[in-house]
Amino acid sequence: MIYTITLNPSIDFIVPVDQLKLGKLNYMNDEYKVPGGKGINVSRILQELTTSSTALGFIGGFTGNFIIDFLEKRNLKTDFISISEDTRINIKLKSSSETEINGRGPSISSDESSKLLSQLEKITANDFVVLSGSKPPSLPADFYEKVIKKVTETGARFAIDTTGDALMQSLAYQPLVIKPNQHELEDLFGVTISTNEDVIKYGKKLLKKGAQHVIVSMGADGAILITNNGVYKGTSPSGTLRNSVGAGDSMIAGFLSIYLTSQNVLEAFKMSIAAGSATAFSHDLATRNKIDNLLSEIEITTL
Ligand SMILES: Nc1ncnc2c1ncn2[C@@H]1O[C@H](COP(=O)(O)OP(=O)(O)OP(=O)(O)O)[C@@H](O)[C@H]1O
Ligand SMILES: O=P(O)(O)OC[C@@]1(O)O[C@H](CO)[C@@H](O)[C@@H]1O
């Protein structure tokens, strides 16, 4: 079984406003709400790619109920830990450019966090765990590391998509894949990255620290995959950017959907870009059809 863990889910409140006037009353052209949080997005895309998963994490309040209802209506398996505070609402403002305002997230009690750690005792060596997104501030700084220790002690493998120290600390446990975007890679090393050579240089440092596959995503400029067996560049297909929210999560799901069944790294990389771009070209997350239609447009070259 694949488990996705979202410590800090959200309702993504998508707010399109034609011409945003700051400091004035603006009306939305449209509005819609979708479940968000990176692990939940990974589960949704895995489902599109006919790969079953169970979404874990902390869920609470009326916002949490919205997420559970949405996922259950679509037959997505969930086993969330119920918390007493409300799950956050993240605002995705779409005007001439995209502006995101993410909530900090609810307070998680030590009883609630222990429940999640105990839940991980059911994981076996055949399982795969995807850890994605931020941690609510009330959880201890080393919470991800605690989760990773529990997971890897069972022999299960994992992937992680988070930032900063939590990502750096995870590398010693050899995640199968990590996917920083170019800005996250810059932040990790406190540098500015402007060439493919820079991406490769810093990507290789992450590999040396323990990651097995490093995908650095670069929006419309595609992505670079750095592995111990080679470095590859994948082009992004061209299309109209509608929504970059969840494009990175779609890449993780795309990669895993192929890699975990065939171990074919380059096909997995191709699928990850197709899924990322299909989401970027959609209003919500990508559909299977859209992903399949983009696959043939992606070119992978060895660098
Ligand atoms: N304008 C675009 N045109 C084509 N593909 C795109 C575009 N923007 C994003 N993508 C696709 O989505 C992938 C991920 O995009 P990006 O590098 O922005 O990731 P991210 O910042 O992690 O995304 P997220 O917004 O989910 O955090 C890219 O590698 C590419 O395949
Ligand atoms: O605050 P985090 O956990 O880093 O990111 C949360 C989030 O921005 O990421 C997803 C897209 O990747 C959205 O569904 C969600 O709102």
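Good morning. I begin with two strands: β12 and β13 form a hairpin with two residues between them. Please keep in mind throughout that the model is predicted.

The hairpin strands, β12 at residues 223–227 and β13 at residues 230–234, run antiparallel and are joined by five bridges. Two of the residue pairs can be named. Ala-223 has Gly-234 of β13 as its bridge partner, and Leu-225 has Tyr-232 of β13.

Tyr-232 leads us onward, since in β14 its bridge partner is Thr-302. Between β13 and β14 there are three bridges, and these strands run antiparallel.

Where does this hairpin belong? It is part of an open sheet of four strands, in the order β11-β12-β13-β14, with antiparallel pairing. At the edges stand β11, residues 213–217, and β14, residues 300–302, each of which pairs on one side only. On average, neighbouring strands of this sheet are turned by 20 degrees against each other, with direction ignored.

Two helices should be viewed together with this sheet. Helix α7, residues 196–208, lies across β11, β12 and β13 and runs at about 40 degrees to β12. Helix α9 lies across β11, β12, β13 and β14, and its angle to β13 is about 30 degrees.

Helix α9 also brings us to ligand 1. Which elements give two or more residues to the shell around ligand 1? They are α8 and α9, the latter spanning residues 265–280. In total, 21 residues surround ligand 1, and the closest are Ser-217, Ala-220, Ala-247, Gly-248 and Gly-276. Sorted by class, the shell around ligand 1 has nine nonpolar residues, 11 polar residues and one charged residue.

Let us now turn to the other open sheet. It has four strands in the order β3-β2-β7-β8, and its pairing is mixed. Why is one side of β3 and of β8 left without a neighbour in the sheet? β3, residues 32–36, and β8, residues 98–101, stand at the edges and have a single partner strand each, so one side of each is left without a neighbour in the sheet. Neighbouring strands of this sheet are turned by 25 degrees against each other on average, again with direction ignored.

Within this sheet, β2 and β3 run antiparallel and are joined by five bridges. In one of the residue pairs, Ile-11 has Pro-35 of β3 as its bridge partner. Helix α2, residues 61–73, packs on the sheet and touches β2, β3 and β7. The direction of helix α2 makes about 85 degrees with that of β3.

At the other end of the strand order, β7 and β8 pair in the antiparallel sense over four bridges. A hairpin of three residues joins β7 to β8. Here Lys-94 has Glu-98 of β8 as its bridge partner.

We may now step back to the whole chain. The domain assignment gives domain 1 at residues 1–171 and domain 2 at residues 177–303. Their centres, taken over C-alpha atoms, are separated by 20 Å. In the contact between them, 24 residues of domain 1 meet 29 residues of domain 2.

Which elements supply at least two residues each to the side of domain 1 that touches domain 2? They are α1, β9, β10 and α5. Helix α1 gives the most, with seven residues. By class, this side of domain 1 has 13 nonpolar, four polar and seven charged residues.

Helix α1 appears again at ligand 2. There, 16 residues form the surroundings, and the closest are Gly-36, Asn-90, Asn-102, Gly-133 and Ser-134. The elements giving two or more residues to this shell are β2, α1 and α8. The shell around ligand 2 has one nonpolar, 11 polar and four charged residues. Which domains does the shell draw on? At least three residues come from each of domain 1 and domain 2.

I close with the database record. An unreviewed UniProt entry places the feature "domain: Carbohydrate kinase PfkB" at residues 11–286. The end C-alpha atoms of that span lie 18 Å apart, and the span is 38% helix and 22% strand. Thank you for your attention.

Notes. Residues are numbered from 1 along each chain as its sequence is written. Chains are lettered from A and ligands numbered from 1 in the order in which they are written. This is a predicted model: local features need pLDDT of at least 70, side-chain atom pairs count only at pLDDT 80 or more; totals for chains, interfaces and linings use all residues. UniProt positions are given in the numbering used here, feature names are shortened, and annotations may be inferred rather than shown by experiment. Domain bounds come from an automatic or database domain assignment. Two residues are in contact if their C-beta atoms, placed from the backbone, lie within 7 Å. Ala, Val, Leu, Ile, Met, Phe, Trp, Tyr, Cys and Pro count as nonpolar, Asp, Glu, Lys and Arg as charged, and the others, Gly among them, as polar. A residue is near a molecule or strand if its C-beta atom, placed from the backbone, lies within 6 Å of it. Two strands pair if DSSP finds at least two bridges between them. Axes are lines fitted to C-alpha atoms, for helices over the stretch in contact, and angles run from 0 to 180 degrees between N-to-C directions.
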